[in-house]
Amino acid sequence: MCLGALLALLLDPRSQALKQLTAIVVGVLAVILAAALGLNLVGHQYLAIAALMIFGFLAGQPKPEHAYWGLLGKYLATALLLAQLGFPATVEIGKAYFSGALLAVVLIVLQGWLHKTHETAHSPNDEFFQIIKGDTNGPLYGFTLPLTILVATLSANWLHVSQPGWVGLTILFVMHINDRLSWHHLWDRIVGTLLGIIIAYVAVRYIPQSALALVVAVFAFWIPFSLRKSYMLFSLAITVTVMVAINFALFPKGDLELMQWRFFDTVIGCFWVAVALMITHGLHARK
């Protein structure tokens, strides 16, 4: 429920209430369906790889200004990848995810009604038609993104990494069409994730379970502010929020091992992003 609410809030196009409701609900349902597809592809290796290539290619097409479809494409690929690689995906979890998103939608609409503001910074419909008309990052980046995810995931499996899907997730959110921005994001992601995991580990280990929901709320509150300040602070805030929320759901034992591996997953993902950036930069230099 927590992660569903978080997705809805991040996906919000900040437009009129009906457009917000439609965009968020459709987006969340699409993510649930992507996870269901990934779950059904478990054990079908070649179909799973083909689906990952298609979803990864599509996720790489929206430009930075296509805020709604860019984020939704990444979350669709994330849901598919995590479900394929064994992250829990059940009907009950899907219902909880959707319920959390609906709660967020109610709060979003209420906030818009109270403030009587209708921002139209970006429209999902306008973004969609711009992408259809060819305003995209292009096929080179589109193929580079899923290939990097595939290679990185295979390397994580070879290294016997716990939950290798987090490696692909790192690539989806760190890799960028802008080389300079991607290099900057690499270091910010590593440092932010390390600090976030330390904070989350201390919180889960030493803070009473009844107070962990407050920890999630505090760092979730910080997410939009940190996103405006720096990617490192955003990585820290989102890492603490997600890791503590997952461990809160797994109590009384939690999963401290997952947090220990999460940092190594990030390093592996960032390493392969760096390799992909050097290759694509070399290809562009030859043109």
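**Helix packing and aromatic contacts in the predicted model**

The cover over the buried residues of helix 1 includes helix 2 (17–40), helix 4 (67–84), helix 5 (91–115), helix 10 and helix 11. Helix 1 itself spans residues 2–11, and its buried positions are Gly 4, Ala 5, Leu 6, Leu 7, Ala 8 and Leu 11. The model described here is a predicted one, and the values given below are computed from it.

Two helices that take part in this cover, helix 10 and helix 11, also pack against each other. Helix 10 comprises residues 209–229, and its axis runs 8 Å from that of helix 11, at an angle of about 155°. Because angles over 145 degrees count as roughly antiparallel, helix 10 and helix 11 are assigned to that class. Their crossing is left-handed. On the side of helix 10, the contact is made by Gln 209, Leu 212, Ala 213, Val 215, Val 216, Phe 219, Ala 220, Trp 222, Ile 223, Ser 226, Leu 227 and Lys 229, whereas helix 11 contributes Leu 233, Phe 234, Leu 236, Ala 237, Ile 238, Val 240, Thr 241, Val 244, Ala 245 and Phe 248. Divided by class, the residues of this contact are 18 nonpolar, three polar and one charged.

Two further residues of helix 11 were examined individually. Thr 239 lies in this helix, which spans residues 231–249, and is buried, because its relative accessibility of 6% falls under 20%. Leaving aside residues up to four places away in sequence, Thr 239 touches Thr 193, Gly 196 and Ile 197. Ser 235 likewise belongs to helix 11, and with a relative accessibility of 0% Ser 235 counts as buried. With the same exclusion of residues up to four places away in sequence, the contacts of Ser 235 are with Asp 188, Arg 189, Gly 192 and Thr 193. Thr 193 is thus touched by Thr 239 and by Ser 235. Between Ser 235 and Lys 74, which are 161 residues apart along the chain, the C-alpha separation is 16 Å.

Lys 74 is itself one of the residues through which helix 4 meets helix 8. The axes of helix 4 and helix 8 (residues 165–174) come within 9 Å and cross at roughly 170°, so that helix 4 is roughly antiparallel to helix 8. Helix 4 contributes Leu 71, Lys 74, Tyr 75, Ala 77, Thr 78, Leu 81 and Leu 82 to the contact, and helix 8 contributes Gly 165, Trp 166, Gly 168, Leu 169, Leu 172 and Phe 173. Of these residues, nine are nonpolar, three are polar and one is charged.

In helix 2, the position of Thr 22 was considered. Thr 22 is partly exposed, at 44% relative accessibility, and its C-alpha atom lies 9.9 Å from that of Val 105, although the two residues are 83 places apart in sequence.

Aromatic contacts were searched for across the whole structure, and 10 aromatic pairs were found. In one of them, the ring centres of Phe 128 and Phe 129 are 5.7 Å apart and the ring planes stand at 75°, so the pair is edge-to-face. Both residues retain some accessibility: Phe 128 is partly exposed, with a relative accessible area of 37%, and Phe 129 is also partly exposed, at 48%. Together with Tyr 68 and Trp 69, Phe 128 and Phe 129 form one aromatic cluster.

Key:
Residues numbered from 1 in each chain as written. Predicted model: local features only at pLDDT ≥ 70, side-chain atom pairs only at ≥ 80, totals over all residues. Heavy atoms only, no water. Helix = DSSP H or I, 4+ residues; strand = E, 2+ residues; numbered from the N terminus. Buried < 20%, exposed > 50% of the residue type's maximum accessible area, 1.4 Å probe, protein only. Contact = heavy atoms within 4.5 Å. Axes fitted to C-alpha atoms, helices over the stretch in contact; angles between N-to-C directions. Parallel < 35°, antiparallel > 145°, perpendicular 65-115°, else oblique. Left-handed = near helix turned anticlockwise from the far one by under 90°. Nonpolar A, V, L, I, M, F, W, Y, C, P; charged D, E, K, R; others polar. Phe/Tyr/Trp six-rings, centres within 6.5 Å; stacked < 30°, edge-to-face > 60°.
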